[in-house]
Amino acid sequence: MKRTIFSNQLLPWLLLAPQLIITFVFFLWPAAQAVRQSFLREDAFGTRTSFVGLENFAYLLQSPEYFNSLKVTAIFAVSVTVLSMGMALLLAIAVDRMIRSTRVYTTLLVWPYAVAPAVAGILWWFIFNPTIGIMPYVLAQVGYDWNHISSKTDAMMLVVIASAWKQISYNFLFFLAGLQSIPGSLREAAAIDGAGPVRRFFDITFPLLSPTTFFLLVVNIVYAMFDTFGVIDATTEGGPAQATNIMVYKVYFDGFIGQNIGSSAAQSVVLMILVLILTVVQFRFVEKKVAY
Amino acid sequence: MASITLDNLGKVYPGGTRAVGGVNIDIADGEFIVLVGPSGCGKSTLLRMVAGLESISEGEVRIGDRVVNKVEPADRDIAMVFQNYALYPHMSVRQNLAYGLKNRKTPKDEIEKRVAQASEILQIGPFLDRKPAALSGGQRQRVAMGRAIVREPAAFLFDEPLSNLDAKLRVAMRLEIKELQKRLRTTSLYVTHDQLEAMTLADRLVVLNGGQVEQIGTPLDVYRRPASAFVASFIGSPAMNLISASAVPHLPGTAHAGQIGIRPEDLSVTPDGPIAMNVLAVEELGAQRLVHGKTGGERITITLPSDAPLSDSMNLSFRPDALHLFHKDSGKRMD
């Protein structure tokens, strides 16, 4: 590690200032506000604010809507993670097997990552639109009546597909890099050792990919839980009947639409604690346990 | 155990690049054959074609009496030792050794027996429960060989197995491989770019150049009667002196010769010798010294005993039968 000694005491602070200011204004300050507000309650007209202790949290834990949101979030996060990682791994294996045009396919497959979540949401909202979309038309041909406006399952499938689609690119890049760092001679040795392609994948390739897989698992859960706000907002807005109201969307909906700032802040604090736990898991296990 | 026959074997890559062409080698049962040549001569491609890791574009590979051109690597009854060892990093040494047997549905007690045998032969017993990352280079090399011998295959294929080891360990492992092969009598095909390794290990060596076989023979045959100027320059250290024939016009029988070769040890210092050499540099090897010099614009090297007197210019002589003449067009040996 190289150490630089500044003779001027001010200069290092000036150099750090932009990052520090951004972190403070957009992260630390709002986070502190959320923690503070989670202990407060405003009256309906916003004229009086009183300290209520842990009442907001107690109310949350008794609220069936909040437990519904927890359940929806769990289903959503697991589905998005499994779908996007599964698809990404399949694509990465396919591209890894290619000798030529690897770069072309890689570039093309990375494009969806550049699409903003809200745009991705609208894109899939159009594709699956029950009146004008192409997919409901196709599904109708095989006898499935798609309607994500009235069907809870369809709505969940729509947001899962839209969210997973965006994340496939990211997972694909990591899986491909992971696959390409496995020496070809290992797979050749396994081939000579009498393992067929499927056997080779499960005995050699997949175990050697485990650090990548675990890293992506955490990243994808975090993505599904926190970064998918745009997708939900542009497609289902949490509906129908709370079926896609994941925790991060509920924070926004209860706070900004429902104007229940106290409860919304308490939910934010719960989310912050979840991020904290995931971060600890990430560092503890990725660094140490998942190695060979 | 089996013989291996390469019959007019060739490899053409899509796009038309020819890596190997017209290779004929008959390997007897139990024989140790070394493929040697400079990098890019096609020796690894040839080995991988025998292993089944590279498709065969021309000719045939036969192991025993069976043509194996279309046979999967696993079904060719061969074992391969890779340059980087290719040990499975997430498996213990024991699992590494057992993996090939497990895939072939070998009974458990049989696997245990063979792993115990192999680990005794290679003295890797104490490491059986370690992961490859916890082993030294030489130990990994042993495990890689162990993985080959537990399978009791018809043939061993070695792809530059010693090139990742340091010089001292390389010499030790070379001897171990030789002893192991003599003991197991398993047909072996060994690829290296190191001519010393080739000379010391081979029953017969195959010198390759540009995807073609230059010469097949026992190490001494190849050393004594190199079939071409290329083989002459490649086999032997220090390399054979090759002098353009036009530099010595008075020599009889050299009308069609392009190059004349003589081994450094076949030159001797005599006061009235016909070759006058100006000494440029001396390399001390301990038991002997290499004297590098120039005669008539040609570089020349001689080996002398370490106590031989040195001077700035020396007169050299040679026995006429020590000369090797190579044809000026083909570069092939002329007698």
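The questions and answers below concern a predicted model and explain how some of its features get their names.

Q: Why is Met80(B) called buried?
A: Met80(B) has a relative accessibility of 5%, and buried means under 20%, so Met80(B) counts as buried. This residue is found in strand β6 of chain B, residues 78–81, and, leaving aside its neighbours within four places in sequence, Met80(B) is in contact with Ile192(A), Leu47(B), Arg48(B), Ala51(B), Leu53(B), Leu157(B) and Asp159(B).

Q: What makes α3(B) oblique to α4(B)?
A: Helix α3 (residues 108–122) and helix α4 (residues 137–149) of chain B pack at an angle of about 140 degrees, with their axes 9 Å apart. Since angles over 145 degrees count as roughly antiparallel and 65 to 115 as roughly perpendicular, this angle belongs to neither class and makes α3(B) oblique to α4(B). The contact is made by Ala118(B), Ile121(B) and Leu122(B) of α3(B) together with Arg142(B), Met145(B), Gly146(B) and Ile149(B) of α4(B), and by class it has 5 nonpolar, 1 polar and 1 charged residues.

Q: Why is the pair of Tyr113(A) and Tyr170(A) called tilted?
A: Over all chains the structure holds 23 aromatic pairs. The ring centres of Tyr113(A) and Tyr170(A) are 5.4 Å apart, and a pair needs centres within 6.5 Å; their planes stand at 35 degrees, whereas stacked needs under 30 and edge-to-face over 60, so the pair is tilted.

Q: How do you know that Tyr113(A) is partly exposed?
A: The relative accessible area of Tyr113(A) is 39%, and because buried means under 20% and exposed over 50%, Tyr113(A) is partly exposed.

Definitions and conventions:
Residues numbered from 1 in each chain as written. Chains lettered and ligands numbered in written order. Predicted model: local features only at pLDDT ≥ 70, side-chain atom pairs only at ≥ 80, totals over all residues. Heavy atoms only, no water. Helix = DSSP H or I, 4+ residues; strand = E, 2+ residues; numbered from the N terminus. Buried < 20%, exposed > 50% of the residue type's maximum accessible area, 1.4 Å probe, protein only. Contact = heavy atoms within 4.5 Å. Axes fitted to C-alpha atoms, helices over the stretch in contact; angles between N-to-C directions. Parallel < 35°, antiparallel > 145°, perpendicular 65-115°, else oblique. Nonpolar A, V, L, I, M, F, W, Y, C, P; charged D, E, K, R; others polar. Phe/Tyr/Trp six-rings, centres within 6.5 Å; stacked < 30°, edge-to-face > 60°.
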